[in-house]
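Let's take a walk through this structure together, one region at a time. Have your viewer ready and follow along as we go.

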Amino acid sequence: MTRLADAFARGRPALICFLTAGDGDTAANLDALVAGGADVIELGMPFTDPMADGPAIQAADIRALAAGTSTADVLAIATAFRARHPAVPLVLMGYANPMVRRGPDWFANALTDAGVDGVISVDLAPEEDADLGPALRDQGIALIRLATPTTDDARLPAVLAGAGGFLYYVSVAGITGKQQAAMASIEENVMRLKQQTDLPVAVGFGVRTPDQAAAIARVADGVVVGSAFVELVGEHGAAAPAHLQALAAGLSAAVHAAREAHA
Amino acid sequence: MSSQPNSFRNQPDECGHFGQFGGRYVAETLMPLVLDLEREYRAAKADPRFQEQFDDLLEHYVGRPSPLYFAERLTDALRMDAPEGMGAEVWFKRDELNHTGAHKINNCVGQILLAIRMGKTRIIAETGAGQHGVATATVCARFGLPCTIFMGATDVARQQPNVFRMKLLGAEVVPVTSGAATLKDAMNEALRDWVANVHDTFYIIGTAAGPHPYPELVRDFQSVIGREAREQMLRRTGRLPDLLVAAIGGGSNAIGLFHPFLDDAEVEMLGVEAAGYGLDAKHAASLAGGAPGILHGNKTYLLQDEDGQITEGHSISAGLDYPGIGPEHAWLKEVGRVKYTAVTDQEALDAFQLLCRTEGIIPALEPAHAIAAIVYRAREMPRDQVILANLCGRGDKDIFTVAERLGVRM
Ligand SMILES: Cc1ncc(COP(=O)(O)O)c(C=O)c1O
């Protein structure tokens, strides 16, 4: 079983935590998330033009790039993480251009060497899969696709073709950040997605608190939290790990126990 | 080029690809909308009533057809230092005489008719120089739709008259402070707004770039320039021009002029990018100094570093200050049908003044780049040859920038 499949096969929902690579002491920050109970790490590749991100992640990308973070640095962070945490799945999230810059095969090989399990490419629509999908799948790296409130049943098969790892349900039609979708709509959509795929379904965008995360975990296989962690890095700098671990611990406890409480 | 296509005019393919360029690289939230837009555009194209409405507005609201003008004194001035027998005739397509002062309005009229067809009730747009913002605000006022214009804070500061124009027309102007606070950042912010408001909002993109079908539909709306010019030239001179010249920001005025001539093998074409401070310094020439990549919904030539991070361009012309270029130009460059060159800020400024004094026309800084390229090309061409350039905008908006660069206090 792959690391990613394993993370969703523990009989409880998974907590997926996002941080931007190169924003602060990323190694220490990632270790804090794992110590706090993160089941999957999503590592953001900073990009100059993060079109689908709100102010928190835009600011993190700017901080990371201003600190000189290169693609080689992102890969080094991933490689070192894999050495420290052999079993924790690691997913790279970012925009297509930095991923395809040296060609899809170069990128897929580099990710294999770094021990990366999956890729989320925000602006690589399924229609443009050829730019990256085949190279990743050849190397056994999951191309994790996004579904949104605007992805209707007729379109869903196109999104699922070639998808791997888990299906990421973006719960709001909008950018990353603070708005949150109504629980009823999340539940309805997750049910709809699960009728068409056996992949685990994780829900993200706008999730910040243990209560929100628990409510989602009752209906979904995973919960993604990003901006709330990224803001802590921006706010606390070198002192961020303690804050990250505390938030991750609160979230993971809520997510992992979500179904027991309501069993 | 071993295998030339039968026609250069049947791009893109059904997936929006111009060769390896173009496509639909957008977040999933936008994909259904982009597919919808394509369906609606196909239906509109096949609907004679849509075409009639478009033509009627172009004639009576925009003021088309724009004149085709023989620039006799400019031609003479360039012949003065041309070798014996050289110095081609220079003609202009006068799109600076359009309502709102540039070619941008042609596209805005087409897109707002599409928005209305799709039942959208709110319009957004990005703008650099403010010309596309003014044109968008204009058609929104004309059709009574609310509109929000995203404009980099740097551009808001250097294009104050256009900011005020947009406000007079009832638009909300949102200054964008992310990145270098110029056109690409305004486009990012417009995309963020669009993702959050897909249910009621139509995004009027201002150049022949973005996700399919935008490059195609903007080209089609702007092709009125080339169709008119081709017919006017044939009627006036009985022949086609030998060389077409147009400035390139995202490439909409250039593709609008070029496209109807692409299968006229005897017509050469030259696109002129902004070389800013020089191609070895900061510039905005993505074909001359960039590499293929993915940004703002399409694959095309981009100014970027070895990691695929987008780099900031520079041009004295805010309308050319964009690190990308429409995908059809990227393809036309690769297949060799169109040649591309670049001229510096200084060369554009010199050409700007030359046109003012020889023809009594104050051009925008964007077409001043095209004129600068003509200064070099005309003297290499025999006197009986004809150059046709797109005078795609007037310079009222630029007089403050030019005064500053010339050291004149106003
Ligand atoms: C007068 C004028 N010409 C040209 C441009 C550049 O755009 P494009 O290359 O799409 O024609 C602009 C953009 O603002 C403009 O205002």
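Begin in chain A, in the loop that connects strand 8 (201-204) with helix 10 (210-217): this is where Phe205(A) is placed. Keep in mind as you look that the model is predicted. What catches the eye is the backbone of Phe205(A), whose phi is near 85°, a positive value in a residue other than glycine. Most residues other than glycine have a negative phi, and most peptide bonds are trans.

That second point is a good lead into chain B, where two peptide bonds deserve a look. The bond from Arg64(B) to Pro65(B) is cis, and its omega is near -5°. You will find Pro65(B) in the loop that runs between helix 2 (48-62) and strand 3 (68-70) of chain B. Further along, His212(B) and Pro213(B) are also joined by a cis peptide bond, here with omega about 10°. Pro213(B) sits in the loop between strand 8 (201-203) and helix 9 (214-222) of chain B.

Now zoom out to see chain B as a whole. Its secondary structure comes to 16 helices and 14 strands. The radius of gyration of chain B is 20 Å, close to the 22 Å that the globule rule gives for 410 residues, so chain B is as compact as a globular protein of that length. If you want a feel for its dimensions, the C-alpha trace of chain B spans about 65 × 55 × 50 Å along its principal axes.

Next, turn to the ligand. Which residues are closest to the ligand? They are Thr207(B), Gly249(B), Gly251(B), Ser252(B) and Asn253(B), out of 17 residues that surround it. Sorted by class, this shell holds 10 polar, 5 nonpolar and 2 charged residues.

Several contacts are worth picking out at the level of atoms. Thr207(B) places a polar side-chain atom 2.5 Å from an oxygen atom of the ligand. Lys104(B) also takes part through its side chain, with an N or O atom 3.0 Å from a ligand oxygen. Gly250(B) contributes through its backbone instead: one of its N or O atoms there lies 3.1 Å from an oxygen atom of the ligand. How much of the ligand does the protein bury? Taken alone, the ligand exposes 390 Å², and the protein buries 97% of that. To finish the tour, look at the space around these contacts: the space that the ligand takes up is the largest cavity.

Key. Residues numbered from 1 in each chain as written. Chains lettered and ligands numbered in written order. Predicted model: local features only at pLDDT ≥ 70, side-chain atom pairs only at ≥ 80, totals over all residues. Heavy atoms only, no water. Near = heavy atom within 4 Å. Polar contact = N/O pair within 3.5 Å; in protein donor to acceptor, adjacent residues only side chain to side chain. Areas by Shrake-Rupley, 256 points an atom, 1.4 Å probe, with all protein chains shown as cover. 1 Å grid on protein atoms, 1.4 Å probe; cavity = no way out; pocket = protein on both sides within 12 Å on 5 of 7 lines; lining within 4 Å. Sits in = over half its atoms within 2 Å of the grid points. Nonpolar A, V, L, I, M, F, W, Y, C, P; charged D, E, K, R; others polar. Helix = DSSP H or I, 4+ residues; strand = E, 2+ residues; numbered from the N terminus. Rg over C-alpha atoms; globule rule 2.2 N^0.38 Å.
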